[in-house]
Amino acid sequence: MNLYIRLLITLIKSLLAKPIDYRNPKIIQQRIVLLNDLDLNKHMNNGRYLTILDLASIELFVRLGFIPVMSRLHAHVVSGGSLITYRKQLKFLEKYYVELSYIGSTEAWHVMEFAFKNTKGVVCAKGLLKGAFVSKKEGLIKTKKILKIFEDIHNKEIIVRDLPEHAKKWLESEEAQPLNELTLY
């Protein structure tokens, strides 16, 4: 199935679905490995995991109620990095689940944890994803500003979670890596 069709289906389903409570920000999507998800080894392509993860992120973002926030800020949401570990392959027509949950924020980044699981509950891939609100005017928009607008729109107070230690270490190691050069050993 074309990814634009998947995107459209995800948006429509997300807009029609029940909103998610910010105190328990987690979604679970059931999916199936399609022919265009496969690589030459006849299992889901490693890049496709991240594409599917983008779709899950859109659902989480929409169902949490951030579209009006984005509109008010004249901003869009971007992915700023991911860390993924592959454990078990997913094969053609195999059903699987994508679990995605918000685990905390920094000054500008919002971190989510994800897992791809087969129908037996075995983790096939897992990792972390960071995203941010970005506008032409401000660049990365601060978490405090985003949450203030969210609270004004939805009349709900939001408490930002402290990041778990493993997520902090990932962000620290990412910041320590110079982007303008490749380290060859």
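Helix H2 takes in residues 46-64, 19 in number, and runs 28 Å from its first C-alpha to its last, close to the 27 Å expected at 1.5 Å a residue (1.5 Å times one less than the number of residues; helices are DSSP runs of H or I of at least four residues, strands E runs of at least two, numbered from the N terminus). This is a predicted model, where local features need pLDDT of at least 70 and side-chain atom pairs count only at pLDDT 80 or more, while totals for chains, interfaces and linings use all residues. Residues are numbered from 1 along each chain as its sequence is written, and side-chain values use heavy atoms, with hydrogens and water left out.

Now look at the ends of H2. Asparagine 45 caps the N-terminal end, with a side-chain oxygen 2.6 Å from the backbone nitrogen of glycine 47. Just after the helix, glycine 65 has a positive phi of about 100 degrees.

Next comes the inside. The largest nonpolar core has 37 residues, where a core is a set of buried (under 20% relative accessible area, 1.4 Å probe, protein chains only) Ala, Val, Leu, Ile, Met, Phe, Trp, Tyr and Cys residues joined through side-chain atoms within 4.5 Å. Among the residues touching the most other members are Phe66, Tyr96 and Phe133. H2 gives this core the most, with nine residues. Tyrosine 96 is in contact (heavy atoms within 4.5 Å) with residues including Met44, Ile52, Leu90 and Phe116, leaving aside neighbours within four places in sequence.

Notes: A polar contact is a pair of N or O atoms within 3.5 Å; within protein, one must be able to donate a hydrogen and the other to accept it, and residues adjacent in sequence count only if both atoms are side-chain atoms. Buried means under 20% relative accessible area, exposed over 50%, partly exposed in between (1.4 Å probe, protein chains only).
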